[in-house]
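Please open the model in your viewer and keep the sequence panel beside it, so that each selection below can be followed in both. The tour moves from aromatic rings to a helix and then to cysteines.

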Amino acid sequence: MGFSEEKKEACGTVCLKYLLFTFNFLFWLAGGVVMAVGVWTLVQKSDYISLLPSKTYAASAYILVLAGVIVMVTGVLGCCATFKEQRRLLRVYFVLLLCIFLLEILAGVLAYIYYQQLNEELKQSLRETMIQKYQQKTHEHITKAVDKLQQEFKCCGSNSSSDWKGSIWIRSNSSKSRAVPDSCCKTPTELCGKREHPSNIYKVEGGCITKLEKFILEHLKIIGAVGVGIACVQIIGMVFTCCLYRSLKAEPY
């Protein structure tokens, strides 16, 4: 009987090892996905981030990058701990899983908080940013971001093209009598912004605020979904780790 029970325990331990190894491989791949989403948000959409007064959106992306790196390192450590059957390594692995879990919860909370305050922030800041900083010498990155925003989203002005009437640049001689920036034009050419007609420039209801808000909300949902998905997988991994830890004999000191 004793031999049979020991054999069952050994078989159970082997099954747990391979389950945990499979989990760690998938977890490592998931870490790459998490990091890629964070890096993509920061690199590809960095211009839009500069138009936001709050750094919460960028902070969520940075947390995802950090979590992704730790996940990939943890996946390798988990494989080592599993095959070497070392309880100490399993303890370290479990703690790292817990830390990643908390990081992802933090990213999710930040994304949710920003989701709640996004509309009000954009209304208060985007128009002021456009009319005060566009084509100003110390704000080249804002000019680049606004031009990209208006061309990619096919919009003009914060709420409408009439917002540009209050622009410091439009009211100066350097605008060369333009009514709106050339990036408002459906076919951008030099000085095309002089002609403020619906056939020439984008006249979108709600302006760029509506478009930018929709874009950011969609990306916050992606960040949130990735975080929640990985967190759910981690819970399974922590359960497997606890089971394997308990099945292993204590190490002699």
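**Aromatic pairs**

In this predicted model, a search for paired rings returns 3 aromatic pairs. Begin by selecting Y134 and W169, whose ring centres are 5.4 Å apart and whose planes meet at 70°, so the pair is edge-to-face. Following the backbone between the two shows that the pair links distant parts of the chain, since Y134 sits in the loop between α4 (87–133) and α5 (140–152), whereas W169 belongs to the loop between α5 and α6 (207–247), 35 residues apart. Y134 is buried, at a relative accessible area of 2%, and W169 also counts as buried, at 7% relative accessibility. Add W164 to the selection, and you have the cluster into which ring pairs link Y134, W164 and W169.

Select F153 and F215 next: these two form a tilted aromatic pair, with 5.6 Å from centre to centre and 50° between the planes. Here too the pair links distant parts of the chain, with F153 in the loop between α5 and α6 and F215 in helix α6, 62 residues apart. F153 counts as buried at 14% relative accessibility, and F215 counts as buried at 9%.

**Helix α5**

Now select α5, a helix of 13 residues that reaches 18 Å from its first C-alpha to its last, close to the 18 Å expected at 1.5 Å a residue. Which residues of α5 are buried? Colour I142, T143, A145, V146, L149 and Q150, which are the buried ones, and then turn the view to look down the axis, where the buried residues of α5 fall within an arc of 165°, so they line one face of the helix. As background to this view, an α-helix has 3.6 residues a turn, so residues three or four places apart point the same way. On the face of α5 turned away from its buried side, look for the exposed residues E140 and K144. Following α5 is K154, whose phi is positive, near 55°.

**Disulfides**

Switch to the cysteines, where a search of the whole structure finds 3 disulfides. Start with C155 and C208, whose sulfur atoms are 2.0 Å apart and whose link, with 100° about the S-S bond, is right-handed. This pair links distant parts of the chain, C155 lying in the loop between α5 and α6 and C208 in helix α6, 53 residues apart. Both C155 and C208 are buried.

Move on to C156 and C184, a disulfide with its sulfur atoms 2.1 Å apart, which is right-handed with 85° about the S-S bond. C156 and C184 both lie in the loop between α5 and α6, so the pair ties together parts that are 28 residues apart in sequence. C156 is buried, as is C184.

The remaining stop among the cysteines is C185 and C192, which form a disulfide with sulfur atoms 2.2 Å apart; the torsion about their S-S bond is about 115°, so the disulfide is right-handed. C185 and C192 are both buried. With the bonded cysteines of the protein numbered in sequence order, the pairing reads 1-6, 2-3, 4-5.

**Annotated segments**

Finally, select residues 18–40, 60–80, 92–115 and 222–245, where UniProt, in an unreviewed entry, places the feature "transmembrane region". Over residues 18–40 the chain is 100% helix and 0% strand, with the end C-alpha atoms 33 Å apart.

Note on methods
Residues are numbered from 1 along each chain as its sequence is written. This is a predicted model: local features need pLDDT of at least 70, side-chain atom pairs count only at pLDDT 80 or more; totals for chains, interfaces and linings use all residues. Side-chain values use heavy atoms; hydrogens and water are left out. Rings of Phe, Tyr and Trp (its six-membered ring) pair if their centres lie within 6.5 Å; planes under 30 degrees apart count as stacked, over 60 as edge-to-face and the rest as tilted. Helices (H or I, at least four residues) and strands (E, at least two) are DSSP runs, numbered from the N terminus. Buried means under 20% relative accessible area, exposed over 50%, partly exposed in between (1.4 Å probe, protein chains only). The expected span of a helix is 1.5 Å times one less than its number of residues. The arc is that of the directions from the helix axis to the C-beta atoms. UniProt positions are given in the numbering used here, feature names are shortened, and annotations may be inferred rather than shown by experiment. A disulfide is a pair of cysteine sulfur atoms within 2.5 Å.
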